[in-house]
Every structure is written in structure tokens, then in C-alpha cells.
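Welcome, and thanks for taking a look at this one with me. Please have the structure open beside you while you go through the points below.

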Amino acid sequence: MAYDLELAEKIRQALASQVEFSERKMFGGLCFMVAGHMCCGIVDKQLMARVGPNQYQDCLRLEFASEMTFTGKPMKGMIYVSLEGLFEPKQREQWLQYCFNFVHSLPPK
């Protein structure tokens, strides 16, 4: 599965302005790692956001968000954000902040 290269570059730029990160090919797309933990990624034309279980329901209520069902079942703590919800830099930053909140709550690797 390919992933949206333009969206990947926008996410790279947004991440680079806030944290140190690395990239891995994963889930048939691209995954961004922060502090050694999976933070977010691009699958097809959507953001895969790792928001964690505590923010999960609140994030699902937001426009453009949906359950991540990569395995055929919802993956609690992981959501998809459609491309329409990522056009503006502020939108991308908001979604990345949810991801950072969760990743920074995890023990160091």
C-alpha cells in the first residue's frame, strides 16, 4: 500500500518544529517514532494517530476522525484522521499534540 507523500512531508515539517523523530515503514505506510515510541503515521491518504486509551473517545468525537480498523477490528487508542482534517497547519498540530500527549506519558525506551 502506498502513502500520500505530500501529507508525509507536511507531517515531517510539523514534527521537526516540535520534537526529534525517526521514520519507519510500517502498516503498509510510514510511521513516525518519537522517543522510541510509535507516535503517528501515514496510511494511504490519512493520518494514523496514536492518541492512547484516555483520549480515544474524545478524539473519535472530533470531525474527520474514525476508528482505526487496520486488522478488521477497532484498535483502541489508534484513530484515522482523514485528509480533509489535515489541510491547515493548525489542524495537523492539534492532532499531533494528541499523539505527543500519549507518547510522552509512556515510560522511556
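1. Let's begin in the middle of a sheet. Ala-49 stands opposite Ile-79, a residue of strand β6. Do keep in mind as you read that this is a predicted model. Ala-49 falls within the range of β4, residues 46-50, and β4 and β6 run antiparallel, joined by 5 bridges.

2. Strand β6 has another neighbour as well. Strand β5, residues 65-67, pairs with β6 in the antiparallel sense, over 3 bridges. Here Glu-67 has Ile-79 of β6 as its bridge partner. Ile-79 is thus a good residue to click on: Ala-49 stands opposite it, and Glu-67 is bridged to it.

3. Is β6 enclosed or open to the outside? The strand is largely enclosed by the rest of the structure, because 5 of its 5 residues are buried. In a regular strand, side chains alternate between the two faces of the sheet. In β6, Met-78, Tyr-80 and Ser-82 point one way, while Ile-79 and Val-81 point the other way, and all of them are buried.

4. Now for the nonpolar interior. The largest nonpolar core holds 28 residues, and those with the most contacts inside it are Ile-11, Leu-15, Cys-40, Ile-42, Leu-47, Ile-79 and Trp-95. Two or more residues come from each of α1, β2 (29-34), β3 (37-43), β4 (46-50), α2 (52-60), β6 (78-82) and α3 (89-103). A second core, separate from that one, has 8 residues, including Val-43, Met-48, Met-68 and Tyr-80.

5. Which residues does Ile-42 touch, leaving aside those up to four places away in sequence? Its contacts are Tyr-3, Asp-4, Leu-7, Ala-8, Ile-11, Gly-29, Leu-30, Phe-32 and Leu-47. Ile-11 and Leu-47 from that list are also named among the residues with the most contacts inside the largest core.

6. Asp-4 deserves a moment of your time. This residue sits in the segment before α1, and it counts as buried, since its relative accessibility is 13% and the limit for buried is under 20%. A polar atom of the Asp-4 side chain lies 2.7 Å from the backbone nitrogen of Leu-7. Apart from residues up to four places away in sequence, Asp-4 touches Ile-42, Asp-44, Lys-45 and Leu-83.

7. How many aromatic pairs does a search of the whole structure find? The search gives 2. Phe-21 and Phe-32 are an edge-to-face pair, because their planes are at 70°, with the ring centres 5.8 Å apart. This pair links distant parts of the chain, as Phe-21 is in strand β1 and Phe-32 in strand β2, 11 residues apart. Phe-21 is partly exposed at 25% relative accessible area, whereas Phe-32 is buried at 0%.

8. Trp-95 and Tyr-98 also form an aromatic pair, this one tilted, with 5.5 Å from centre to centre and 50° between the planes. About one helical turn separates Trp-95 and Tyr-98, because they are 3 residues apart in helix α3. Trp-95 is buried, with a relative accessible area of 3%.

9. On to charges. Side chains of opposite charge can pair when their charged atoms come close. The count of salt bridges comes to 5. One of them brings together the side chains of Lys-10 and Glu-6, at 3.4 Å from N to O. These two residues lie about one helical turn apart, because 4 residues separate them in helix α1, residues 5-16. Lys-10 is partly exposed at 26% relative accessibility, and Glu-6 is exposed at 55%.

10. Where does Arg-12 find Glu-23? Their side chains meet in a salt bridge of 2.5 Å, N to O. It links distant parts of the chain, with Arg-12 in helix α1 and Glu-23 in strand β1 (residues 21-26), 11 residues apart. Both residues are partly exposed, Arg-12 at 21% and Glu-23 at 34%. Glu-9, Arg-12 and Glu-23 are joined into one network by salt bridges that share partners.

11. Last, look at Asp-58 and Arg-61, whose side chains form a salt bridge with 2.8 Å from N to O. Arg-61 is exposed, at 61% relative accessibility.

How values were computed
Residues are numbered from 1 along each chain as its sequence is written. This is a predicted model: local features need pLDDT of at least 70, side-chain atom pairs count only at pLDDT 80 or more; totals for chains, interfaces and linings use all residues. Side-chain values use heavy atoms; hydrogens and water are left out. A salt bridge is a side-chain nitrogen of Lys or Arg within 4 Å of a carboxyl oxygen of Asp or Glu. Buried means under 20% relative accessible area, exposed over 50%, partly exposed in between (1.4 Å probe, protein chains only). A polar contact is a pair of N or O atoms within 3.5 Å; within protein, one must be able to donate a hydrogen and the other to accept it, and residues adjacent in sequence count only if both atoms are side-chain atoms. Contact means heavy atoms within 4.5 Å. A nonpolar core is a set of buried Ala, Val, Leu, Ile, Met, Phe, Trp, Tyr and Cys residues joined through side-chain atoms within 4.5 Å. Rings of Phe, Tyr and Trp (its six-membered ring) pair if their centres lie within 6.5 Å; planes under 30 degrees apart count as stacked, over 60 as edge-to-face and the rest as tilted. Two strands pair if DSSP finds at least two bridges between them.
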